[in-house]
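Me: Could you take a close look at one part of this model for me? Start with the big picture, then zoom in.

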Amino acid sequence: MSGPWITGAGVLCATAAGVEDFARALRAGTSGIGRRSVDGDHPELRPLLSADLPGFDLSGATADREEPLRRAAARDAGRSPRSVQASVAVALEGWERAGLHRAGVPGERIGIVVAGHNLGGRFAEEVRPRYLSSPVHLPARYPLQFMDTDHVGTVSQLLGLTGEGYTVGGASASGNVALINAARLVESGAADVCLVLGALTDLSDMERQAFYNLGAMAGGQATEPEQAIRPFDAAHGGFVPGQGAACLVLESAASAKRRGAAPWAGLEGYAMRLSGNGLADPSAADEADVMSRALRHAGLVPGRIDYVNAHGTGSPLGDETELTALRALFGHGGPWVNSTKGLIGHCLCAAGVVEAVATVLQMRDGFVHANANLVTPIGTGGRLVGTRSQPAAIGHAMSNGFGFGGFNTSVVLGRPDTF
Amino acid sequence: MSDAVLTAIRSSVLVVLPEIEPEQVTEEVSLTDLGANSIDRVDVVTMTMDTLGISLSVTEFTDVHDIGSLARLLRRHTP
């Protein structure tokens with residue numbers, strides 16, 4: 001394998017703060033889906049379901065981190081929007097778990113790629129009343145904060161990163177788009193280490209309503225929140241948004257060996273293709289094509305893949321399209337398939353990075369997590385995990401990300417003993 | 001000396017620069033002396049104006065060089 005190693009990770013989502021917590025929650029099949037309260041008219045026409053972070057604050061989210069970085073985080077991001085604070089928390093976890101707080105990798109050899117765009121919708125909604133009542137008193141930091149690049153600036157300042165850095169966008173495929181960009185930075189020699197941050201998409205109420213009106217979001221007016229999201233189940237009715245952020249540390253094998261860092265996994269291959277289609281209209285042919293290209297890039301035949309972390313949002317059209325694509329590539333049977341979104345919601349721009357972390361943890365610990373609420377699988381074929389996690393030896397895995405606007409992405413990960 | 005304007009400036013400074021002790025915020029020092037960068041300075045001024053119910057253009061602050069001159073300008077415009 002010539003691709004970069006993954007030498008660290010961090011995560012924050014509705015069911016877990018930190019990677020070990022996440023591994024436990026995935027194995028237990030813990031659901032983070034809950035019901036929100038809404039103000040205003042017609043509550044029956046409002047999106048009520050969400051997998052929100054439980055009581056997030058920066059100080060609590062960095063409680064396990066070491067000084068002096070913990071104090072520096074409070075100073076640099078203490079008044080930042082929640083989305084940026086979540087990036088800081090997962091970046092610090094990934095940084096520490098990779099051992100970079102002790103390693104002497106020069107800042108100019110470390111890059112940062114942030115997955116996401118339109119990250120601060122709720123924050124903008126919060127600031128807007130101030131603008132309407134008194135424009136002069138807008139928070140002085142708002143021009144820095146409304147730009148998604150604030151994630152790059154804040155985290156690079158905190159960790160002293162002076163290599164290349166930027167944000168990338170690909171709607172719900174943003175996480176994989178960032179992984180692919182970071183892999184290329186490392187493979188080209190532009191960086192020895194690259195932090196990939198899946199940034200928390202902090203949806204405004206208006207943005208939630210827009211998804212809901214489109215019919216993309218599960219309603220769940222009459223159901224229990226935890227049962228409303230049903231990827232690959234006949235009763236699936238759309239996605240439930242989740243608040244989540246994650247960090248993966250990509251590093252060249254040479255750099256990791258120099259400092260004695262062990263790989264958690266390898267990024268063995270990847271592919272990205274557009275559908276040439278600006279709509280929310282997935283294509284099974286394009287999805288199968290991008291998975292097939294990612295496999296070829298990894299130098300693997302389909303039979304070598306043991307597990308697929310599906311995009312699997314719970315949207316009827318999306319689920320059926322992806323399962324068709326999986327059958328086209330792998331035939332009937334084939335690798336285990338599950339959707340992390342059934343447990344922690346759809347983390348939107350962060351989803352690809354959060355799910356890559358979920359994939360690496362399942363690979364490391366030898367299990368596949370449950371498909372929440374999978375009672376009546378749609379169609380046949382595709383080896384869907386049931387409603388309980390089960391032991392599984394995963395040597396090579398694939399993680400898919402598809403986005404509105406025709407973004408198709410797939411990445412292939414390998415367990416360290418396979419390369 | 002202590003008055004509503006200085007008290008408001010002090011509270012803003014403590015929010016923007018949490019490592020500063022209240023007694024360090026005197027009329028004799030500048031925000032830069034206290035470790036404020038350019039954005040921090042606008043932050044302090046905006047928050048203080050908000051607290052005092054004052055609306056001034058940023059161009060009014062060109063002659064401000066320390067907390068004393070900031071306090072004098074704000075006192076002139078305090079309703």
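How much area does chain A expose, and what share of it do carbon and sulfur atoms supply? After that, zoom in on α7(A): what covers its buried residues?

Reply: Sure, housekeeping first. This is a predicted model, where local features need pLDDT of at least 70 and side-chain atom pairs count only at pLDDT 80 or more, while totals for chains, interfaces and linings use all residues. Residues are numbered from 1 along each chain as its sequence is written, chains are lettered from A and ligands numbered from 1 in the order written, and side-chain values use heavy atoms, with hydrogens and water left out.

Now the surface. Chain A exposes about 15500 Å², and carbon and sulfur atoms supply 51% of that (Shrake-Rupley areas with a 1.4 Å probe; for residues, only the protein chains shown count as cover). Of its 419 residues, 59% count as buried, meaning under 20% relative accessible area with a 1.4 Å probe, protein chains only.

As for overall form, the C-alpha trace spans about 60 × 60 × 40 Å along its principal axes. The radius of gyration of chain A is 20 Å, which agrees with the value near 22 Å for a compact globule of 419 residues (taken over C-alpha atoms; the rule is 2.2 Å times the number of residues to the power 0.38). Chain A has 14 helices and 16 strands, which are DSSP runs numbered from the N terminus: H or I of at least four residues for helices, E of at least two for strands. Among contacts (heavy atoms within 4.5 Å) between residues at least 6 apart in sequence, 81% join residues at least 24 apart.

On to your helix. α7(A) covers residues 150-159, and eight of its ten residues are buried, so the rest of the structure largely encloses it. The buried ones are Asp150(A), His151(A), Val152(A), Thr154(A), Val155(A), Ser156(A), Leu158(A) and Leu159(A). Their cover includes four further elements you can pick out by residue range, among them α3 (69-77), α4 (82-97), β5 (110-115) and β7 (193-198) of chain A. α6 (142-145) and β6 (165-168) of chain A also belong to that cover. Just after α7(A) comes Gly160(A), with a positive phi near 70°.

For a strand to set beside it, try β9 (residues 265-274) of chain A: seven of its ten residues are buried, so it too is largely enclosed by the rest of the structure. β9(A) pairs with β16 (residues 407-414) of chain A in the antiparallel sense over eight bridges, pairing being called when DSSP finds at least two bridges between two strands. Ala271(A), for instance, has Ser410(A) as its bridge partner in β16(A).

Methods. Buried means under 20% relative accessible area, exposed over 50%, partly exposed in between (1.4 Å probe, protein chains only).
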